Amino acid sequence: MKQLFYGGVHPAEHKELSEHKPIRPLNKAPAEVVIPMSMHIGAPCKPVVAKGDTVMVGQVIGETAGLGAPIHASVSGTVKAVEPRPGTGGTPTMSVVIENDFQNTLHPDCKPRENVDALTPQEIIDIIRDAGCTGMGGAGFPTHVKISSAVGKADTIIINGAECEPYITADHRLMLEHGEKIIGGVRFIMKALQLDHAYIGIENNKMDAVAHLRELLGDAKDVTVKDLRTRYPQGAEKQLIQAITGREVPPGKLPADVGCCVFNAATTAAIYDAVANGLPLFQRVITITGGAVNDPVNLIAPLGTPFSHLIEEAGGFKGTPARVIAGGPMMGFAQYDMSVTMGKASNCILVLSKDEMPKTDPNPTCIRCARCVNVCPMHLTPVFMNMYGKQRRWSEVEELRIMDCMECGCCQFICPARIPLVQQFRTAKFAIRQAAAKK
Ligand code: SF4
Ligand code: SF4
């Protein structure tokens, strides 16, 4: 099978730790959840509840004014506080803290919808908006906005089941155990976009999921399940589009510019739950894994559950962890405060042991081998971006198109000098954005 996009790497997968662990609910519900009001691209939601209010599961607790998606209570109970709390992004985030009454009382609006076949495209989009659906693979783009802006422009729908980052198995288990939701969800998307075909792209290290979805589809021709050669970062939108359609999204352009609209597998299942079951997005599947937890697991957990609680559900720390990461080892963010909580885009908590840590060099020196250039899927020149970045020559770094860097980490992974390239690029991008804002 030939490689279908430029660059990329194939790191050790480590998925065996959790890929055979069926999704399970929490053994013990959290005593409180801390739900951030910013779990999407766009303006943070405005809390619409106050301390002392009682709330039910699925009740709106945060509303959006502009680009964004509403946020719902994930447990029933009493609002304990509305205040900034530590976030996985490193800065305090306005949050609604709910003390769990352990009754799991569902809001009366959360009930299966009748006559879903009679829904119009616009009604489907409105339901997706009201349910707070956003991209659950990382970016957190509001799903109703993605669909609305692609109506009449996109000719190709792609469901992203690549899950290309090492260790993470949440989407894999979801496709295996809830494949009917993925297929139901993609058909709602097709109706909303008024298209009669869609692809589901899955890497060939998950052939059981490929076979399962094909079996569910039977003779139906409206959805094609494509198995793809395993290669990181195939789960990135632009790379997945190229792998499936052969179309290349030009620098600075969006998938819609080449007629494509991509949805994460978990988002697709959430769309099904919203439209068919009347359930807003208040829970998700998350993998807790790595060599420094006792019992790696795939959990379905309420949004706002603290990392400390989720790690306990995975048997707790095994020895002293070397690093806790929100996300995968390539694109995730290191966490230092276990009171941070999971959000709509939290697909993994990775707890690395000392042996699993990438090797570092206290005085890394570039040997100009150009391996970083060869693997960059965005056709960038990390070697020069790093060189000018170290000298804080931001205009040169910008000319090298650093803003197109998706921080996939391929360059850093392959670098024999072990230069922390991604960290350098994040710093450079931050400085460039700040300079632009000042102007
Ligand atoms: S891979 Fe590392 S050592 Fe080689 S050119 Fe790139 S930055 Fe330099
Ligand atoms: S420069 Fe950016 S996009 Fe290119 S390989 Fe490195 S992290 Fe990925």
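Which residue in β17 stands opposite V324? I began with this point in the predicted model, and I found that the residue facing V324 across the pairing is V351 of β17. I then looked up the two strands concerned, and noted that β15, residues 323-326, and β17, residues 348-352, run antiparallel and are joined by four bridges.

**The six-stranded sheet**

I next traced the sheet to which this pair belongs, and read its order as β1-β14-β13-β17-β15-β16, an open arrangement of six strands with mixed pairing. At its edges I noted β1 (24-25) and β16 (333-335), each of which pairs on one side only.

**The four-stranded sheet**

I turned to another open sheet, this one of four strands in the order β2-β8-β7-β4, where the pairing is antiparallel. Why is one side of β2 and of β4 left without a neighbour in this sheet? I wrote down that β2 (32-36) and β4 (54-55) stand at the edges and have a single partner strand each, so that one side of each has no neighbouring strand in the sheet.

I then went through the pairings of β7, residues 77-85, and found that two bridges join this strand to β4, the two running antiparallel. For these I looked up the partners by residue: T54 is bridged to T78 in β7, and V55 has G77 of β7 as its bridge partner. Between β7 and β8, residues 93-100, I recorded eight bridges, again with the strands running antiparallel, and I noted as one example that A81 has V97 in β8 as its bridge partner.

**The two ligands**

Where does ligand 1 sit? I found ligand 1 in the largest cavity, and I listed the residues around this ligand as C366, I367, R368, C369, A370, C372, V383, C415, P416, A417 and I419. When I sorted this shell by character, I obtained ten nonpolar residues, one charged and no polar.

For ligand 2, I noted that the space this ligand takes is the second largest cavity. I looked up the 13 residues around ligand 2, and recorded that C376, C405, C408, G409 and C411 come nearest. The shell around ligand 2 divides into eleven nonpolar residues, one polar and one charged. I also asked which helices contribute to this shell, and noted that α10 (382-390) and α12 (410-414) each supply at least two of its residues.

**Rings and charges**

Which residue lies over the face of F263? I found K146 there, at 5.5 Å from the ring centre. I also looked up pairs of aromatic rings, and the count came to one pair.

**Backbone geometry**

Finally I looked for backbone values that depart from the usual pattern, bearing in mind that most peptide bonds are trans and that most residues other than glycine have a negative phi. I noted a cis peptide bond between Y232 and P233, with omega at about 5 degrees, and I placed P233 in the loop between β11 (223-228) and α6 (237-245). I then recorded Y167, a residue other than glycine, whose phi is positive and near 75 degrees; Y167 lies in the loop that runs between β9 (156-161) and α3 (170-177).

Definitions and conventions:
Residues are numbered from 1 along each chain as its sequence is written. Chains are lettered from A and ligands numbered from 1 in the order in which they are written. This is a predicted model: local features need pLDDT of at least 70, side-chain atom pairs count only at pLDDT 80 or more; totals for chains, interfaces and linings use all residues. Side-chain values use heavy atoms; hydrogens and water are left out. A residue is near a molecule or strand if one of its heavy atoms lies within 4 Å of it. On a 1 Å grid over the protein atoms alone, a cavity is a set of points where a 1.4 Å probe fits but cannot get out, and a pocket is an open set with protein on both sides within 12 Å along at least five of seven lines; lining residues have an atom within 4 Å of a point. A molecule sits in a cavity or pocket if more than half of its atoms lie within 2 Å of its grid points. Ala, Val, Leu, Ile, Met, Phe, Trp, Tyr, Cys and Pro count as nonpolar, Asp, Glu, Lys and Arg as charged, and the others, Gly among them, as polar. Rings of Phe, Tyr and Trp (its six-membered ring) pair if their centres lie within 6.5 Å; planes under 30 degrees apart count as stacked, over 60 as edge-to-face and the rest as tilted. A charge sits over a ring if NZ of Lys or CZ of Arg is within 6 Å of the ring centre and within 35 degrees of the ring normal. Two strands pair if DSSP finds at least two bridges between them.
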